[in-house]
Every structure is written in structure tokens, then in C-alpha cells.
Amino acid sequence: MRTGSRLRGNPFLPVAVALAWCVAAMPCGAASLDPASPDLAHPRLDPAADAEVVRCEYRVVDGVVAQGFDRLVVMNRATMVYTARGAEAHGTSSILYGEGTEVDNLFVRVTAPDGRSRVVTPEKMVDQEVLRLGGMRLRRKTFVVPGLVPGSLVEVSSRIRMLDGWYVRDLFLPCQDDVPIRSLRVRVRPWKDRPFTLHSSVSLVPAEPPTTDAEGYRTIVVRDVPALVEEPWMPPFGRVSAFLYGEYGEPDVAPYSINRLAGRTGEGTDLRKVLPVPDTLAVIAKSIEGGATGLAERAERLFRHCRTGLRNLSFAADSASRPLPAAATMADVRPLQTLHRAEGTALGVNLALAGLAIASGLDTRLVLVSGEVPYWMGEAPSLASVARVLVAVARPGGWLFLDPGDPDQPPGLVDPSAEGVAAWLSGGGKVTDITMPRSPASASRLEREADLVLTPEGDVEGRLHVRWTGHLAAQERRAFAKLGAGERAGKALEGLRTRWPSAEVDSFEMVIPGDGIEPVEWACRVRLRGYAPAAGDLLLAPLDPFEELHVEVAADSSRRHPVHWDFSWSESDRVRIALPAGARVTPPRAPAAASMAGRFESDCSVREDAPGRGLVFERQAAFTCPAEGDLPAERWPELRAAIGASLAGSRLVAEIAAGASSP
Amino acid sequence: MSRPVLLALVLAAVLAVPAASVAGAMKDVPEWARAAIADTSTFGAGADAVVLLDARDLRVSNDGRVTTHVRRVIRLLTQAGIEQADCTVYYVENQGRPPELSGLLVPAAADAAPRPLPPAADLLAAHGEVRGEVRMRVLAPGPRARPGDVMVAEWTHEDAPPFLAIDLVANLGPPVRRSELRLDWPPGWTLTSRWLPSGRLDSTTAAGTRTWVFDRLDPPGEAARGGDGGPRHLAFAFAPDHPLRARSFGSWEDVSAWFTDYVAGRDGGATVTTSASAAVSGVESERGRIAALSREPQAARYVALEVGLGRGGGYLPRPAAEVLDMGYGDCKDKANLFSGLAKAAGFRAWLVLASVGRRDSVCASWPSPQQFNHCICAVAVSDSLDSPAVLRGTRLGALLFFDATDPDTPLGELPLALQGSLALVADGGRGQLVRLPATPPSANRVDWTITAALEPGGRAEGTVRSECFGAAASARRSALRQRGEAGLAQAFVYALARRAPGTVLADLHFGAGDGDRGCRADGRWSSSTFARTLSDGGLVFGLPSWGERAGLREAERDEEDDGTLAARSETERCLVRWPAGMHLVSAPADTSIVTAFASFVRRTRTAGDSLVVEQTWTSLGGPVPSDSLQVLRGLRRRIGAEARGVWRLAAGEPKR
């Protein structure tokens, strides 16, 4: 159901975007690669690869000039192309760069299999301004490699100078590509006046211990980096890909107001002293609660008001993590102002709820949730890594976590990236370290129901109803909201039509609530001709008409990466098939329950609704993210077998002896 | 003031609509937009956005410049509408004045004040355009927009188009409540106007001003389904009475003459001659020589680096010698290279302007180079040369058409996207608009041969072979080229996992079929649930859908949106051997469904302990009239239901 995105969770995404353009698109080699180089003689790492990087070098020099921080990145890369597809992929390159960045010394040479070399002359390189927006300018250099055929060696080099950009503070070098890399050498000379640490990701194993020379260069050499291959249910990019990350000095200083909110600065942990909560707020809160008495009900009404009554000015559904530094202004921490303006950033909306809840007398805390902490830091998350600010309201049995500023999360759910991570509960006179709870599989459900009537001819007709809740609803809302009204039916019914290409559908209706609280659902009437084909005097009726889920993932017998799910979820199918009058039915035997302890559970059942009248089929499956994390790749066969066994339940067929007449 | 009264006032300020602000909220909205916003009809209900007003005022000056003033009002109804609604204006830098876009976002809430829209982004429009002069400015609703809000936009743009023709997209995407078009042109000029791809529009030969008003324009998809043939354009051509006339076209011969002159002298050179000589050296046959000449242009990588699009450069190929040297080019570069090589080898050859898309996308009664988006080549051949890509009876005799851009369609065939469409053979003032040859479904077929050895428990295993021909082989080669054998094999496995749950494909490998024209795949398959065991101990099985069934698998397909069916056929021949001691109890009846668009035929025959089922799906190809789309869908459903038939086996000897 959930496919892990490579880039999701990557803590260095902004820096990566800036540099990945240069690095991935832009290999280099100002100096010619010696034909006798051992890199060229090295046997191919992957005989099936379309190309291989035989040598790649980065040299990074940081310093300070009059205008500010200055970074020079010199890159050399030599790529051997083996196939026409490789020539297609490596025949054109672009470098995107912004203001404050200079790209020069761009050099491209191709050496054909017969040994003849040719160089791309500067006049054949295209430099264009691709974007102007306000004061921002974005340019791009493009070149096409001439005469590129399988067996050619492409050498590219460039020098990129970045002056005083926000992105030069940290260094992110992706060291893995969609083709293998035989040799990678990175030399970094940091600004000498600040402490600098160079980390390598788990997937990047240096061939030799990193060294530092007299000139201050730190050198890392890596060999035989395999191609990065994507697959479904893959962990986030930062956990499985090879990259280097360098950082300067102390962690960023948290914005002052956030320290105040956390109660770390000695100004007290009483939120009433941090958040302005005038008496007026209590009146407003009472008005919103409208006579609700239970704690949870009161909290939910306040939540709904903040979600639906305040215009959220943040950019996207998952933006609660983004506006934090910029939004931590006094305007945002004054709930009354946010309520009066009826708009605010994601943080402002959350603080408005906190203010209302406090004013209403609910036991309320602010929750400062840490972002993903790079594994190499080896230390507890700090305020520097705070990614979002949520609200917690006490209720019997524990805290109710609320995030009205994230338009995707209903009460009690927080963004999947905030589940299972460290957080601080601030308020009530103290700050408590907690781990954010993971949502149970029951909180994010896919529920599919079918109510069908089987005709004596073997056709079925009836109603289908599908709904998603929790995180699944958020995913579907995002996917469907982008589509036009006419495209939604096509997407919703895509899976059904794969299995039943001749499905006739009418009365399709879809509900995509804008509040992020109610489920996303669709329903339609459907007619499936030839659903139960005749075999002599029998009709053979499949019990589950819905699209089979996860069949493509389960079709892969091998796996490269651990199995990662962003959150736990569950699925249920309930199908009722009314039979023709007088029909005699032989229900199939349901397969045994399938499970893989702690991660996957599935079961199904078949029963006669009333003898000869109808059949009821039910199937449940639950996918759970356990505390111990992703499933190692070597255990994929177990999970695959369990999913395969579960799919068998979806393929049950009942034998129906034709009755005398239709109902 | 007492405390309760003060609190009540504050509360009212926070929760209630401030009535006083309602009246003033609209004062910043231009009068012309206010009238459109006031429209409260339900037009466009169910859409994601509705264009309440699209008013365009075009003024053509005597020097050929066009000044456009646009006012647009869009009601954003859903989040999708917000994301899709924008005002995009293309312009050529240093040619006229760039468009200045501005606008307001009028919130749905009556009391909320309109806000200026975020500044327009200025982007490179054609990414392969070397000069970077074709740009676009995009004005979007911005992050503050919410469903129900109205976007009001206005801009003025001055342009000097390369041709004296204006092509306006009439239906913008969302439904258009009211569209106004006002056109001014200089005295003495002649105006021709029409709808594209079909339909006449009032025209006039007098100088002056004309205004057209259209109410309730449907979105493109609806128009297509209504039979109007896709996005509708308003096309205007001007014929001035002075030297600018060179930028206007009264006939296809005019277009041909302009294009021939424009590209003249770019297909020769010493290296081209040398390369042509080397290619045909030792090759005697006419077909062999042309095929030899086609290899280099077809093998060149496709890279489009346009030069000066804004000056008509989209039609200008790079010199053939340069393309030969660099080893890459776009469609016109490759066609021009092939033309040069063919001429150097003694053939007569011409560039051909074509259109990839709908078969009827080129309107024969509207001579304009703007109707084309592709360039191929034609070579004069002898009448004895037989090939699906040969058209006989043209002014130039028998012509063999070749698309060097398609790396997967060999010489002698044409890509399906071009077959049957109109194309212009550029032969100076004698150019001719011709309809490209089209092939029958049998030429573009896929033949599947599947064997199955069924075991008593329902498991089966066997072999599978598919052989593709014509366009089907081109599609297979394309997939192989793009995904590689491993990638394509995985795609097969995934598709089969969905269509035939439980079926496992192994050892799939690909090879050439019938010479270089076919493409073959062989593999082994197995399924533990191929047949179901019935309660009486018998077995029952159906035949999985291995391929696309000639496009007749799904009842509703995208191709119907552009109203064209591809001519192709697919046959599945399955040989099933059942376990000893069983016999066939029932089988689906033999079927033959034949209609004007498509057909399906199934035959079953038994021999000993085996049965052979042969099923053939045929899509006849060509445009589908809009009133026949439902008939076609019904036919597909009927075929789909038939194809789900099952065969039942029982233990023991058959009853006599």
C-alpha cells in the first residue's frame, strides 16, 4: 500500500536539491583519464549495467572571501557507456544553478571505441535562464555529448563556485547513481576557522580510512558502489543510499521563541506565561465548545474550529514541519490574533488551539517533536532538531495529540514522520521527554464493501463502497485532490478494471472532505458481465470482486532493501453476494490465517447468509510497524509468503448450481 | 462600557462576519470582473474550476505585430482546480513586449478583501531551444487560494509572430461561461477564419473589427466526446496587401514553397556524399540501398536543440553534415540527413511535414505550417517496390515514407501514429498534401502460443511464446530499448500477477522474430492454481489474459478520447493437456462477434487428452464516430464476458 519515497525523511533535502543537480548530472575530468588507468581495466561491476562510472572525483574547498562564505566544488567524472540506452542516458546533461553560483571550466570529452576523441566546444554548450521569479534567477548549462556510441568513454569536469548561499553551510554529496561507480574519491578542505565533521552514510563504506593531509584536505576513497535501485516499500533515501554529509560547528541555535515555548530558558514552563491567553479566549472557547461536556469532545470541537475555521497559510498538507523557523514570531504565538484574523501558519493554527484549550481549562501541553536525527550523531535529539509543534490535551488513559495545522491529520493522529520519534512535552510547570506513540493499524483503515446480486447467467450487479481513514485517507486525499473531477473515477476504478476490464460503472460518487477529519470514500453501482462463468451446470462465482492488493510487490521474489512502512494500517473486505432463487451453493473452504509475527496478520471467512440465499465473504489484514523498525531484506521471503497466503483468500470461488429462476 | 458587553463585541469580531466590511470588499475588483463574479448560475457544476469570463482583444498592426489584451475570471471550485488553474502566456524575448500579468484573488467569503496574486513566474518554455528566447509567464492562484475563491487576471502582450496566422485555443480546459474575442486588423488585409480541427467560422474580407462571443464552451475532453475532435482552436489567417504577404499562406503549395526555400541547401556536403557512397557500396537492390542509407539517421540519438523557435526555427534543420558529425538530432535533422544521403546516392527525396497525434488533426482546408509537429522523409521508388510505407499515385510517383526519428520502426513501415494522417511533401511550389499509407490489423499483430500441462491437483506449467509484427513489434522493441530485457520481463511478471493471479513467469527472453521486422519472447510459466478443484473432484480452468487483446481488453480506453482506434490484432493459441483419466465435460461455445470496429473469434477443438483454444481479437482501426463510442464499449464488454469462459473436466470416462 505504502511505497517509501527515496527522498522522504532525507534530512538534507534542501542541500541535496542544490548539489544533486550538479553532482548527478555532472561528472567531471579536467585531467584526461589515462588509458592505462586501473579504473579502466577494472572488471565491470554489473554486466547488466548500461554504463559505469569508472572514476569520479570531487574536490571541495570552503573559505571566506570579502563577500562572505565561499565554496568551490571541482568535479571530474569518467563514465564508460556500454549500451544504446546508456548512451541515451549519458548523452545529455544539465547543470542548474542560481545567483551567487558560477559554473566555469566546463569540459566534456568523448573517446570513441576506436580511440578517437572529441571535445564539446564552449559554443556548443547552452547557457539559459530558466526561471525568473521576483529577485530570483535560475540558470542552466546544457550540453550534448557528440558521437556517443556504446563503448565510448565520457569525461566531464566542471568547477562550481558558490558564494554566500544558504546552502553552503553544510555539504551534501550524493555518492550513488543509477549506474555503478568503480572509484569515488572525495577531497574536502573545510574552512579552517570552524570545526567541521564529515560523515558517511551507512551504505557508503570507504575503501581506505579517511585521511587528512598537510593542506587540510580530508580525503575519502570509496570503491565499487553499486547502482541505487528503487523498489516498493523502500526505506527513506537517507537510510539506504550512499552519500557524504559534512557540517560545521555547533548545531543551529533554535529560535528564541521556541526555546521559550519549550520552557528551557528559565522563563517558566507555565504555558500561560508563554502563550498570551487573555480572558477573551475563554469566552471564545466556551462559545466553540457549545455545551460539550466530555474532555475529548471539548478538545475535538476546539480542534475542528481551528482546522476548519482558520485559513491555513502554509503551503502544503505536510507543511507543519516547514514554517517553524519563519513562523515562530510573536504574531504566530498570539492565539487571539490568529483567531481574529481567521488565518495563520500551521504553527499559528496549532498555537491558537493551545490557547483555546488552556483558556477552556483543559490540561494542555505543547509538544515539540524532533525531526529525523541522522544516525551518526549518536546523541539524543536536541531542540535544534525540532521539526514541528503539536498540542496535547490530557484525557483519561493518556494524551490526545492534536495537529490542526496539518490539514491531513484527524484528532489523535500526527504525521507519520512524527510517530515513534523523540518529543518534549512542555507545560504544567515542567518539560517531559517522551516518545511519540505510533498509531495502531486500526487508525488507518481501508474498508471495501460490496453488495452484489448474482443472476442465473452469471453476471453480478450491485454497489461497491470503499473508504480510507487515518493516514491512508491523507494519502488518498492528496492523490485525488490533484485530479480533475473526471479523472477521479478513472483512478478510483483503475484496480477494479484491471481485474474486470468489462466492468460497467455508474452513479460514481466520491467524497473528499476538505477538513482532513472525515474519511475519503467513493461508491458506485457496478455490473460485471460474465463474473461467474458457467461450467456445465455450475456457476463459479469469485467471492472477492475487488482489486487484489500488493500483488506486484509480492511478485518480486528477491529484495535489495529492508521492508519499510511509514505507518501501520489495516484492510478489510466485506462482500455479500445474493444468489439466484433456488441456487445450491458449495462455499469454498477459507484458507488458514496468515501471519508474520508482529508485522502482518490476515484472515478471511466465508459463510452462507441464509441457506441458498446468499454468501458473505470477509477478509482482514493488518500491517504493523513494530518498534524494532524495518524488516531486514533477508526476511522478505517470510513476509512475501504470508502475503501470498493472504491473497489466496481473495481468490476463493464458490460453486453454485443453477436455480430455477432469478430472485 | 461594561465587561460583558466588551467581551461580546470581541467575540463578535472573532466569530461573526463583520457586516460593515462586506460592501467595501469588492471595491478593489475591476468592474468587468465584478459582473462576471456576480454570475451565480450552476454552469460547470462538478468541474474543478469554471472560467466565468475569457475576454481577448487582439489588434494586428500593419507591420504584422499582434497586441493582445486579455481579461480572465476563473472561479476555483476544488483543490484540483486551484492547482490546475493558471494563466500562462508564451512570448518570444526581444520580440515585441513581454506580457505583464497581474491579478487578484477574490476570497469566497463576502467580507474578505481581495488580495493581489503572487508575481508571475517567468520560465523557459522550450527546453531544447538554444537561444532561450521562447519563454512563458505563469500567473497562479497562489497558496492562499481556497475552493470557492475567484482568480481575476489581466495582461497585455505584444508579439511579432513568424507567420501571419493566429491560432487560439478556444476551450481553455475548464468550462468557459463566456468567451469574448475582438479582432482588429489593418485596412486592405484579407482575413480567413475557421474552427480547427473542423467547422466554419464567420469570416469577412472587409477591413475593420469583428467581435465573436461564445457562451458555455465545454472543456476539450467533452468536446472530443461530443464528436468535435479534441481541443478546439480558433484560427485566423491574414493576407496583407504588401510584402508581409510572404508570411501568409493561401494554399498548401504556398506552404511547401516556403518550407522548401527555408530549408534549402542544408542537406549536402562532402561528408554526406562520402557517407552515402560508403553506405550503398556493394548493395544492388533498390530496397537494400535505401535501407543502408536509413541506418545512420535512424541510429542517431534523438536530441532536440532548437535554434530560434521564435523566428520559425522550429522548422529549420541543422545541416546534414553537422548531424552526421555529431551523431544526434531531432526529427527534422534526421529527416534532412536521410534526404541528403538519399540524394547523394542518386535517389529523389523530399522532406515531409507531418503530425503525430490524431489521424485527422491536420485540416486540409487550412493551409498552414502550424498544423504540423513532426518531420519525416519521402523517397521516390520504382513501382515494383512493395512495402506498407509506399504510397502510389502521387504527383511524384510512388513514394516510400520513412520516419528516421522512430528508432524502433524499420524502413518500409510507418509508426501507427502517422499511418493514415495527412502530410505535406515539400517539393517547392509543387508540394502536395497526401494521406500517408495505413496498414491492416493483420500487419500489426501479436501471436501468442501457450502450452499447458495440467496436473490432477490443478497445478499447471508450460511454455509461452509471443511473436509481434509491424507496429506491435515496434512497440516491443521500444519497450526493450527503454527498459532492457530485465525491466521488460519484470513488467510482464507484474502485469501477469494482476491479470492472472498466482501465475509465475520464468526464463523470459526476447529475440528477433521474422527478420528485423518481428520481435519474439519465449518463457516458461507455472501456476499452482491454474485449475480449481471442484467439490465433485473435477477441475475447471479459464485462460488468462496474456496480452492486451488488441486493445479490446478494457471497456473504456484513453484512445477513445481522441476518437481513433489502432489497427491491430492479437491471437492466443492455447494447447492444454489434461491429466490422464479425465475428460472434458463442458467448454464455452465457439464464438464469432464481428462488427464495424472490432471482432472476436474463439474456436475450441479437442484431440485425445488435449484441447486447443484459439482466440483472436481484431481492432479494425480508424476514427470512431462519437455516436458509436457507446457501441464500441458495449462490444468490448461483450467480448470481455465471452473471454471469461471456462473449461470443465471430470474424472473417469465420458458418458456415452
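The following exchange asks how several descriptions of this predicted model of two chains, A and B, are justified.

Me: What makes chain A and chain B count as being in contact, and how many residues take part?
Reply: Contact means heavy atoms within 4.5 Å, and by that test 71 residues from chain B and 69 residues from chain A belong to the contact. Putting the two chains together buries about 5,900 Å², of which 53% lies on carbon and sulfur atoms. On the side of chain B, the residues that lose the most area to chain A are B:Arg301, B:Arg498 and B:Arg644, which together account for 13% of what that side buries.

Me: Why is the space with a volume of about 880 Å³ called a cavity?
Reply: A cavity is a set of points where a 1.4 Å probe fits but cannot get out, and the name is used here because the space meets that condition. The search of the whole structure finds ten cavities of 30 Å³ or more, and the largest of them has the volume of about 880 Å³. Of the 36 residues that line this largest cavity, B:Arg499, B:Pro501, B:Gly542, B:Leu543 and B:Arg644 are the closest to its centre.

Me: How do you know which helices and strands supply the lining of the largest cavity?
Reply: Lining residues have an atom within 4 Å of a point of the cavity, and at least two such residues come from each of α14 (494-499) and β27 (538-542) in chain A, and from each of α11 (470-499), β27 (539-542) and α12 (629-642) in chain B. The element that gives the most is β27(B), with three residues.

Me: What makes up the lining of the largest cavity, by class of residue?
Reply: The lining holds 18 nonpolar, nine polar and nine charged residues. Arg counts as charged, Pro and Leu count as nonpolar, and Gly is placed among the polar residues, so B:Arg499 and B:Arg644 are charged, B:Pro501 and B:Leu543 are nonpolar, and B:Gly542 is polar.

Me: What makes β3 of chain A and β3 of chain B edge strands of the sheet of six strands?
Reply: This open sheet has the order β3(A)-β7(A)-β6(A)-β6(B)-β7(B)-β3(B), with antiparallel pairing. The strands β3 (92-98) of chain A and β3 (87-92) of chain B are its edges, since each pairs on one side only. Neighbouring strands of this sheet are turned by 25 degrees against each other on average, direction ignored.

Me: How do you know that β6 and β7 of chain B pair?
Reply: Two strands pair if at least two bridges are found between them, and β6 (residues 121-124) and β7 (residues 134-139) of chain B have four bridges in the antiparallel sense, so the condition is met. Within this pair, B:Asp122 has B:Arg137 of β7(B) as its bridge partner.

Me: Why is the pairing in the sheet of eight strands in chain A called mixed?
Reply: The order of this open sheet is β24-β25-β23-β22-β28-β32-β31-β30 (chain A), with mixed pairing. Both senses occur around β22(A): nine bridges join β22(A) to β28(A), which run parallel, and nine bridges join β22(A) to β23(A), which run antiparallel. In the parallel pair A:Asp451 stands opposite A:Arg576 in β28(A), while in the antiparallel pair the partner of A:Glu447 is A:Arg467 in β23(A). The strands β22(A) and β23(A) also form a hairpin with five residues between them, and A:Gly458 in the turn has a positive phi of about 100 degrees.

Me: How do you know that β24(A) pairs with β25(A)?
Reply: At least two bridges are needed, and β24(A) has six bridges with β25 (residues 520-528) of chain A, in the antiparallel sense, so the two strands pair. In this pair, A:Asp506 has A:Arg525 of β25(A) as its bridge partner.

Me: What makes β25 of chain B a partner of both β23 and β24 of chain B?
Reply: Nine bridges join β23 (residues 460-468) to β25 (residues 519-527), and eight bridges join β24 (residues 503-512) to β25(B), so both pairs reach the required two bridges. B:Cys468 has B:Cys519 as its bridge partner in β25(B), and B:Val504 stands opposite B:Ser526 in β25(B).

Terms used
Residues numbered from 1 in each chain as written. Chains lettered and ligands numbered in written order. Predicted model: local features only at pLDDT ≥ 70, side-chain atom pairs only at ≥ 80, totals over all residues. Heavy atoms only, no water. 1 Å grid on protein atoms, 1.4 Å probe; cavity = no way out; pocket = protein on both sides within 12 Å on 5 of 7 lines; lining within 4 Å. Points joined across faces, edges and corners; volume = space filled by probe spheres on them. Axes fitted to C-alpha atoms, helices over the stretch in contact; angles between N-to-C directions. Buried area = accessible area lost by both parts, 1.4 Å probe.
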